[in-house]
Each structure stands twice: as structure tokens, then as C-alpha cells.
Amino acid sequence: MNLPGSTARHRRLIAGLVQRAIDSGASLLATDLDRYAAAEGLSWEQLARSLRGTPDDLNQVALCRPPSAERFIDDVQVIAGGYVDADRLLILLRQIQVLGAFSGSRSLRLRAAGPYHGAASAPSAPARR
Amino acid sequence: MPHVRKCPKCGTPNQNLRSVCYRCGECDLTASHQALLGGEPTAPREFADAARPRLYPILRKRHAFIPREIVEDSLHDALLAIIVSPDLYQPDRGSLLNLLVRIAERRIVDALRKLERWSPEIASGGLVELEEIEANHPYESALTGAELEALLAEILPDSKDRQAWELVCEGRTSVDEFAAVLGLGELPPAQLKAEVKRHRDRIVAKVRRRREEFRRHLL
């Protein structure tokens with residue numbers, strides 16, 4: 001998706017921000033998507049392709065918060081935002097949600113819809129990969 | 001149905017669901033921070049889109065003597081600090097952009113301390129500590145400013161050079177302005193221009209050398 005300001009530097013900075021979010025375990029989709037990709041043995045590019053997007057498109061998705069439980073489908077539509085296929089993203093996020101529920105992990109922590117009420121958990125110190 | 005926001009200042013509809021109004025230079029950052037507080041799922045993306053184009057040039061200009069990698073990491077940490085804890089920013093205590101700059105500069109100082117072993121015992125490590133510092137002392141940046149000033153003074157001991165460097169960072173090109181801060185006095189225009197160029201090149205070269213030294217430490 002060609003967006004305003006979508007320069008090489010812009011893309012590099014967004015990719016850097018996503019990596020930093022993953023490294024610090026920030027409560028963003030970046031963390032969930034990275035865990036999923038690792039568990040499935042997929043590269044970031046392969047995961048992006050499976051959603052009919054590019055790695056840069058997936059970075060835009062990764063910067064979003066997980067969808068809220070109450071508005072899951074609507075939130076996924078907004079998160080996909082023309083960057084990736086919304087239907088495929090919906091399936092993927094549902095899958096991550098179910099896998100997370102089975103494993104008892106905190107993967108794809110569903111948020112309650114509504115305003116921010118303080119950080120649920122602060123991320124740990126970022127570590128360089 | 002997905003909600004489509006409008007820019008609160010100019011009313012531009014959000015056509016591509018990014019919610020950031022590119023026509024309006026002032027409202028997007030505040031609006032995206034409000035969206036963060038409101039818990040909207042795309043708010044972090046919008047906030048990053050709104051803040052990055054303004055924050056990055058400020059950091060690059062103010063810390064041109066520091067390797068790009070450190071500046072970019074500090075940018076990311078500042079953005080993530082607000083994304084994770086949007087209530088760190090209290091509007092009655094200053095501008096959001098200022099807070100972002102200060103968080104980023106703290107991270108730069110941390111990185112420099114690690115590199116230079118200035119004072120490892122007080123180097124603060126992570127985002128959590130950073131958030132705690134910001135929560136307790138959100139607008140204290142004297143330490144950061146002083147340390148960065150000290151670094152610049154180390155690179156450019158002559159105060160005239162530092163003033164000239166400020167002009168370089170601000171993108172100034174006026175020969176007269178450079179001549180005034182460098183104290184070059186009365187010289188024929190052609191000679192003055194050549195002298196200013198010589199000093200400017202010398203100052204920029206010093207800064208670049210130091211930046212390369214930092215980079216060698218990093219890589």
C-alpha cells in the first residue's frame with residue numbers, strides 16, 4: 001500500500017519501531033504476530049504474504065493493539081485498514097486467540113473495549129536482537 | 001461497522017483508516033494521543049505516524065554528532081513509552097512533543113553512558129525504569145541537557161564553534177551569521193566567504209569524526 005510519506009526511511013523507522021516493540025514485549029500485535037510466526041516457522045515476509053500484504057504492510061498491522069473482545073470483527077477491519085486482507089487477518093487473529101487460550105499463555109491478550117486505564121504490564125527493557 | 005474519524009481541527013475524513021490528517025500539522029499528534037487514551041486499536045499506529053515525522057528531525061538535528069542508530073533507538077523508545085503508558089503525558093505540564101523529545105534524550109544519554117562509561121553505576125536500563133523516571137519527574141531534563149552539552153563541549157571546546165554548530169543544525173547558510181558568531185570581523189566579501197566555509201567545514205568534520213568514533217564503538 002503506497003501511503004503518504006512512505007519513503008525508505010519511513011519504512012526503516014517503522015520496521016525499527018516494530019522490532020523494538022517485539023524486543024520489549026509491548027502489548028501490541030507485534031508481539032503476538034512475532035510469537036505466532038516463530039511458532040509456525042514463518043518469516044515475517046511469509047506471514048505478510050499469507051495475509052496478502054508486504055512486510056511493510058504487516059508492520060502497520062503490528063503497530064496496533066490487539067482487538068477488543070467486544071468488537072473483535074470491527075476492530076480487525078480497522079486494524080487491517082487496507083494494508084492486509086481483513087478476512088485473512090481475522091482468521092489469523094482468531095487462531096492466535098484460540099491457541100493462546102489453549103496454551104494458557106497471554107498470547108493475543110484481548111482487551112476490554114473502552115478507554116485506557118493504565119498499562120496492564122510494563123514491557124521489560126528492550127534487548128537488541 | 002468500522003468507525004471513521006475526522007480530524008478534529010480541519011474535519012478531513014479519514015479515508016484510508018489511518019486517522020492521521022496530513023493537512024493539519026497541529027491536531028494529529030493530540031488527536032492520536034486522545035485515541036491512545038481512548039483505547040482504540042489503531043491508535044499506536046496513528047500516534048507513531050503523527051509523532052515520528054516531527055520528532056525524528058528534531059532529534060537528528062539536535063544530536064547530529066551521535067550515530068543514527070542511537071537516535072533511532074531513542075525515537076522508538078520514546079514512542080513506545082507513550083504508546084504503552086499514554087497517561088505519562090499530562091497536557092497541563094507542557095507539549096507532548098516536548099515530552100517525547102525529553103524521553104528520547106534520556107535514552108540517548110543512557111546509550112552514551114554505556115558507550116563512554118561515564119557513570120555506569122547510575123545508567124538506567126530499560127523502558128520500565130524510564131517510565132518510572134518520567135512518571136516521577138516528567139519534565140526534569142537538566143541532567144540530560146547538561147550531559148549532552150558536556151559532550152558537545154568536549155567535541156567543540158571553543159564556544160564560538162558550538163554557536164556555529166548550532167547554526168549548522170538549524171540549517172542556516174548566511175555567511176554574515178557565521179562570521180558574527182565566529183568573530184571573523186571585517187574582511188572582503190570573497191575572503192569572508194572562504195573563511196566561513198573553512199571554519200564550517202572544520203567544525204562539521206570534527207563532529208563527523210566523533211560520530212564515526214561512536215559508530216565504531218557500536219559496530
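Which residue follows α1(A), and what is the sign of its phi? Here are a few notes on this predicted model, starting with that spot.

1. The residue just after α1(A) is A:G25, and its phi is positive, near 65 degrees. It may be a good place to begin when you look at chain A.

2. The helix before A:G25, α1 of chain A, covers residues 8-24, 17 residues in total. From first C-alpha to last, α1(A) reaches 24 Å, close to the 24 Å expected at 1.5 Å a residue.

3. Buried residues of α1(A) include A:I14 and A:L17, and also the run A:V18, A:Q19, A:R20, A:A21, A:I22, A:D23 and A:S24. Charged names such as A:R20 and A:D23 are in that buried set.

4. Turning to chain B, you will find nine helices and zero strands. Its elements read α-α-α-α-α-α-α-α-α from the N terminus on. Chain B has 219 residues, of which 35% count as buried. For contacts in chain B between residues at least 6 apart in sequence, 54% join residues at least 24 apart.

5. One helix pair in chain B deserves a look: α2 (residues 43-62) and α3 (residues 68-84) have axes that come within 10 Å and cross at roughly 145 degrees. The crossing of α2(B) and α3(B) is right-handed.

6. On the α2(B) side of this contact sit B:P44, B:F47, B:A48, B:A51, B:R52, B:L55, B:Y56, B:L59 and B:R60. They meet B:V71, B:S74, B:L75, B:A78, B:L79, B:I82 and B:I83 of α3(B). By class, the contact has 13 nonpolar, one polar and two charged residues. As for the spacing, residues three or four places apart point the same way because an α-helix has 3.6 residues a turn.

Methods:
Residues numbered from 1 in each chain as written. Chains lettered and ligands numbered in written order. Predicted model: local features only at pLDDT ≥ 70, side-chain atom pairs only at ≥ 80, totals over all residues. Helix = DSSP H or I, 4+ residues; strand = E, 2+ residues; numbered from the N terminus. Expected span 1.5 Å × (residues − 1). Buried ≥ 20, exposed ≤ 12 C-beta atoms within 10 Å, placed from the backbone. Axes fitted to C-alpha atoms, helices over the stretch in contact; angles between N-to-C directions. Left-handed = near helix turned anticlockwise from the far one by under 90°. Contact = placed C-beta atoms within 7 Å.
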